[in-house]
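Reader: Hey, I've got a structure open and I'm a bit lost. Could you walk me through it?

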Amino acid sequence: MNINNNTTDEEIVELTRKNDKELFAHLIDRYEAKLAAYIKRLAANSPEAEDLVQQAFINAFVNLNNFDTDQKFSSWIYRIAHNLAVNWLKKKKANISLDDDDEAMRLRLKDKVDLEDDLMAKEAGTLLIDAINRLPEKFKEPFMLKYLEDKSYEEISFILRLPKNTVGTFIGRAKKLLKADLEKNYVR
Amino acid sequence: MSDKLKSKIMEQVRNNGIKMKSRWLFVVRGLSLKSGLGLGFVLLVLFFNAFFFYVQTNGLLAHGAGAWWQIIHSLPYDLIFLILTLLLFLNYLVRRFDFSYSHPFFIIFSSLILLAAFWASILFASNFNQTMKGALLRSKVSVPFFSDFYTRRCGMMDEGARPQGNGCMMNGLPTDDQSQ
């Protein structure tokens, strides 16, 4: 079977399991950049982030037979990446800390996060990254997955293994805290 | 990083440096998890039911609410400890299932307790405990915890009232000396 853009991840997984391990390369192609960006954000751009990305793909391959093709492969591999990054952070006794030199992220946040007024106007991206870094840990990752990785509540719920309502609450709360933080610190 | 990472991983895949775990491994793991959960739940129902039977046969509620100190003093703490341990174990097992994350811990834990208590009360209302006690009194095989619990500790008041015999007389049940 030819793999093209219309072939779903789940179909590739099925074919990789049955016929051809080489097809796993297509999944690497599809997810490498996304996972690298996600893990780098979680691991504060550490040089070890690349090893974590590699490990995420290795874990995915080793456990490919455990993947339920009724679910989304993207959520599954993000969950693997999340687990690896969280364990790495625990080992390093570090917190999630976004890098405010990341131009792409700055622009993305500025576009995506609507805090309902114009306080985001100018240096929005940078200010927002600083404010995100001041958020309580439990709010950071749901917020990042929503606004930086474009994940739905359902996918975030699967990746973080949290009830969907809790995800909604955390993201809503994070937005309120960000707004309050930005108003307090930056609005003149 | 792109090609380097991909070729590194694919080389390991080709050389069997990393191998896919067999599907059967996950099937067996899933079945063990389900069996463990099923067995644990049955045990939990039995323990809850044994607790109700203990309270009834030892007349703990007959003391009345004013005698709470006596009630606390007479509770079967080893059984309570077993129930709590089993609940923790079951909670650990449930959390390994994929569905578990979508419900809050409190909901899962209280559902587990309520469901077990419901089935235990049905068991308690049936003739199960009398039959179990009779069978254990007659049996020469000792069932860990249950033999001692049913034959010696349930209905201690009745036994105390009895002038002789090793077993306990409860609701006209055969005792060990009567049944032999």
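**Salt bridges and contacts**

Author: Sure, let's start with one residue: E155(A) is buried, with a relative accessible area of 10%. Keep in mind that this is a predicted model.

Reader: Okay, and which side chain does E155(A) meet in a salt bridge?

Author: That's K72(A), with N to O at 2.8 Å. K72(A) sits in the loop between α3 (49-62) and α4 of chain A, while E155(A) is in helix α8 (residues 153-160), so the pair ties together parts that are 83 residues apart in sequence.

Reader: Is K72(A) buried or exposed?

Author: In between: K72(A) counts as partly exposed, at a relative accessible area of 45%.

Reader: Why would two side chains like that pair up at all?

Author: Side chains of opposite charge can pair when their charged atoms come close.

Reader: Cool. How many salt bridges does the structure hold over all chains?

Author: Twelve over all chains. Another one joins R30(A) and D9(A), at 2.7 Å from N to O. R30(A) belongs to helix α2 and D9(A) to helix α1 (residues 9-18), so to speak two distant parts of the chain, 21 residues apart.

Reader: And how accessible are R30(A) and D9(A)?

Author: R30(A) has 27% relative accessibility, which makes it partly exposed. D9(A) is at 12%, so it counts as buried.

Reader: What about E137(A), which residue does it form a salt bridge with?

Author: With K140(A), and the closest N and O atoms are 2.6 Å apart. Both are in helix α7 (residues 137-147) of chain A, three residues apart, or about one turn of the helix. E137(A) is partly exposed at 32%, whereas K140(A) is buried at 3%.

Reader: Switching topic: what's chain A made of, helices or strands?

Author: Nine helices and zero strands. Buried residues make up 49% of its 188 residues.

Reader: How is chain A divided up?

Author: Into domain 1 (9-92) and domain 2 (103-186). The contact between them takes 13 residues from domain 1 and twelve from domain 2.

Reader: How much area is buried between those two domains?

Author: About 1200 Å², with carbon and sulfur atoms giving 57% of that. On the domain 1 side, R41(A), Y78(A) and R79(A) supply 48% of the area buried against domain 2, more than any other three residues.

Reader: How many salt bridges are there between the domains?

Author: Two. E149(A) forms a salt bridge with R41(A), the closest N and O atoms being 2.7 Å apart. On the side of domain 1 that touches domain 2, α4(A) gives the most, with seven residues.

Reader: There's a chain B too, right? How many residues does each chain put into their contact?

Author: 26 from chain B and 28 from chain A. The two chains bury about 2500 Å² between them, 61% of it on carbon and sulfur atoms.

Reader: And how many salt bridges cross that interface?

Author: Two again turn up between chain B and chain A. The side chains of D29(A) and K6(B) meet in a salt bridge, at 3.0 Å from N to O. There are also eight residue pairs in polar contact across that interface.

Reader: Which element of chain B gives the most to the side that touches chain A?

Author: α1(B), with nine residues. The residues on that side of chain B divide into eleven nonpolar, seven polar and eight charged.

Terms used: Residues are numbered from 1 along each chain as its sequence is written. Chains are lettered from A and ligands numbered from 1 in the order in which they are written. This is a predicted model: local features need pLDDT of at least 70, side-chain atom pairs count only at pLDDT 80 or more; totals for chains, interfaces and linings use all residues. Side-chain values use heavy atoms; hydrogens and water are left out. Domain bounds come from an automatic or database domain assignment. Contact means heavy atoms within 4.5 Å. Buried area is the accessible area (1.4 Å probe) that two parts lose on being put together, summed over both. A salt bridge is a side-chain nitrogen of Lys or Arg within 4 Å of a carboxyl oxygen of Asp or Glu. Helices (H or I, at least four residues) and strands (E, at least two) are DSSP runs, numbered from the N terminus. A polar contact is a pair of N or O atoms within 3.5 Å; within protein, one must be able to donate a hydrogen and the other to accept it, and residues adjacent in sequence count only if both atoms are side-chain atoms. Ala, Val, Leu, Ile, Met, Phe, Trp, Tyr, Cys and Pro count as nonpolar, Asp, Glu, Lys and Arg as charged, and the others, Gly among them, as polar. Buried means under 20% relative accessible area, exposed over 50%, partly exposed in between (1.4 Å probe, protein chains only).
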